[in-house]
Structures are given as structure tokens and as C-alpha cells.
Amino acid sequence: MQKTSSDSVFNIVVLVAALGYFVDIYDLLLFNIVRVDSLTDLRLNAAQIKSAGEFIISIQMIGLLIGGIIWGVLGDKKGRLSVLFGSIILYSIANIVNGFVQTPNQYALVRFVAGLGLAGELGAGITLVSELVSKEKRGLSTSLVAGIGLTGAVVAYFISLKFHWRTCYFIGGGLGFCLLLLRVSVFESGMYNAVKEMKIAKGNFLMFFNKRSRFKKYLLAILIGLPTWYVIGILIAFSNNFGEQFGLSEKILPKKATMFAYVGIALGDVLVGLLSHWLKSRRKALFIFFSFTVISISFYFMQNGKGGASAMYLICAAMGFSTGFWAIFVTMAAEQFGTNLRASAATTIPNMVRGSLPLMLLLFNGFQNFTTYINAAIWVGIIVMTVSIIAAYFTKETFGKDLNFIEE
């Protein structure tokens, strides 16, 4: 029997998608959290830890980029559930294997495989929820998915304080396999089933580039999400370096800053869904959160030697909250494309944003040849926010949009 849209904001599909994203975020950020401890345990010195850490995270990012395309295509060709099952199995196995690595090269290989698996979870979950929940409640449900899921970073931080790094990976793998038991009760999207047997192109990644209007939508959707990874990938990740540049009296711990930021992001993702529902607009809610982002980033750069660690962590939480529009960003991506291309859009677009981080870091390092460390970051922020605001301005409203259509 074909399932239709549900009027319930929170149901088994939302729960499973949220828990899937929870494990996804736990595993995605676990390497950053245990990086120093794990590489030290592999007998690397300080210089090797820095170089090996950058190499491993880059390899994981490549896995995410490639995996985003693979799972997106499979989600449109074989169904949303195939991705939900396949991705969780792949990264759960990878994380268990990760607990046995003995060399940096083994570590990198396993993180690449984990990246392939991690790339599929959010996009497939948001696509499935978007197609199964009524259009009036769609934004609320996807925000709950992201809000619950993003707390995985917080849990990863606290688990890393109590357990050996290898055990942390084992826990991540075990959580993933536990999710498979819940996935049995999830049904396929009725919209997808309706087009499954149709003689149309499904999951053709090249379709994003063969039509000007469609490419424009795809590009704008990617650019909207840039501020999140500017904040997380530069301001939060290097908060210890910025703390020194600001002359703060206490040492800043990046993994603690990350934890505070993700608490903020989780809260922001829930609120932005409520705000979007109240305003009956995705774009208005997005612009409000862009304003919050500009304000919180400004406070970040206004710190001086009189501040301390507590103030820095509070600002990191505020920046996390203000960039907590990830759910709306991915939901907008899913809502803009037809059923035969929706999973590809919702899966590749967030991974393209993640993949933009190396470019932002390259720009950041390039500016340092002409100005100070702090000013270089400010200029990158100005460029990122300007581009994202312009992209949002030219993006069409998608609130309440009927998703039962196809791309031709």
C-alpha cells in the first residue's frame, strides 16, 4: 500500500532520520575530537600529528564529496531507503575497523570509507521526511531531524572524556547497527514509488548542469550554506589560535569550543524550523539567522585581552546558534528539485558545502600574505556572508511547495 503524507510533525520516520543523523554527526566529528589523542597513541610527534591530521581529515572530506554523489544518485535510482540502510552499514563497519588501525595510512583509508558512508545519511533522511510529511509541517519535521541529530557532536565530546579513543569508534559503530533495527519499520516515499517505474531519467547527476535554470538553483543552494562551515571550519576549529591572537588570558580548547558551538547549532536548527513555520517562509527565516550570524561573528572579532575562555565559549555557542539554519538549508535544497532528482540534490548540496572548506582555508591563508591573521579571517567572512546573502536573495521561496513533480 502506498503511504501518503502525514500530518504528524514527529513520527517514526522523523525519529529514525534524526537518530541516523545523530550517529552521522557523532562519527563525522569524532576524528576532530580524538585526533591528538589517537595520533599520539600511534607514536607520532607533534609535527607529524599536525601533518597527519590535516591529511586524514582531507581524505575524509574527499570521501564525503564522492559519497555525496554516489548516494544521491542511488537515492533517486534505487530509493531513499536503500541509502538509509547502505550508508549506515558502511560507516558503522568503517568505525569499528577504525578502532583497530595501527598506522596513519590505515587511519586515512578507513576515514575515507567512513566519509563515503557518512555522506548519504542527512540527504536521504531529509528527502524521505520531506516527501512523507505534509507540506505544512515539513520544515518543522526536518528541523527536528537536524536539531536532534546535531547533538551527536556533544555526545561524542563527552564520550571522548570517559573512554579510550578506540572505544569511542567502537561505540559509534555499535550505535549505527542498533539503528538498523529501527530502520525496519520505515517505509519508502510514496512520491518516489509513483515515479519508480516511469521511463524518465532518475538520479542523473549531469542534469544539474545541462539546463541553465536548474544549474542556477543548484549553485545558489550550495552558496547559501557557506557561513556554517566558515564558522565551524575556521573560527571554531582554530579558536585556540584566535584566542592567542586576541590575547585572551586563558588557553582555548578547540574541541570544547566545538561542543559549545554544536549545542548552539542544535538549538538554532529547531528554532529556525519554528520561525519558518510561523512566518510561512524559508527565506525570511534564513535572512533573520544570517543577521544573527553577522552579529555573533562581529562579537567574536571584538574580543580583546580582557576576555577569557568562558566568554570565548559563549560566543562560540552564539555563532553555532546563528548558523543553525542547516536543516532549512537542506530542506530548501530538497524542495527545489523534482522527485527524480531530489535525493541527489539533498545529498550532494550539503557535501559540496563541506567540500568548500579547503577553498575557504586557501583564501584565509592567502590573505595572511597581505594582512594579519585576524584581518584575513574577517575578509573571508565578509566574502562568505556577502555571497550567501546574495544567493539567498535570488533563491525562490519554497515554503509549502508541492513536491510531487519531476525534472525533465
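Let me start with the nonpolar core, where the largest one in this predicted model takes in 126 residues, and where the residues with the most contacts inside it are Tyr107, Tyr230, Leu235, Phe242 and Phe301. If we ask which element gives this core its largest share, it is helix α1, residues 12-41, which contributes 15 residues.

Tyr107 is a good place to look in detail: setting aside its neighbours within four places in sequence, Tyr107 is in contact with Phe31, Val34, Ser38 and Leu39, and also with Leu42, Ile56, Asn98, Val101, Trp165 and Tyr169.

Stepping back to the fold as a whole, the secondary structure of the protein comes to 19 helices and 0 strands, and, of the contacts with a separation of 6 or more, 84% are accounted for by residues 24 or more positions apart.

On overall dimensions, the C-alpha atoms fill a box of roughly 60 × 45 × 35 Å along the principal axes. The radius of gyration is 20 Å, which agrees with a compact globule, because a globule of 408 residues would have a value near 22 Å.

What share of the 408 residues is buried? Buried residues make up 57% of them. As for the surface, the protein exposes about 16,400 Å², and carbon and sulfur atoms supply 68% of that area.

Finally, on charge, there are 34 positive and 20 negative side chains in the protein, and the centres of these two sets lie 3 Å apart.

Methods
Residues numbered from 1 in each chain as written. Predicted model: local features only at pLDDT ≥ 70, side-chain atom pairs only at ≥ 80, totals over all residues. Heavy atoms only, no water. Helix = DSSP H or I, 4+ residues; strand = E, 2+ residues; numbered from the N terminus. Rg over C-alpha atoms; globule rule 2.2 N^0.38 Å. Buried < 20%, exposed > 50% of the residue type's maximum accessible area, 1.4 Å probe, protein only. Contact = heavy atoms within 4.5 Å. Areas by Shrake-Rupley, 256 points an atom, 1.4 Å probe, with all protein chains shown as cover. Lys, Arg positive; Asp, Glu negative; His and termini not counted. Charge placed at Lys NZ, Arg CZ, Asp CG, Glu CD. Core = buried A, V, L, I, M, F, W, Y, C linked by side-chain atoms within 4.5 Å.
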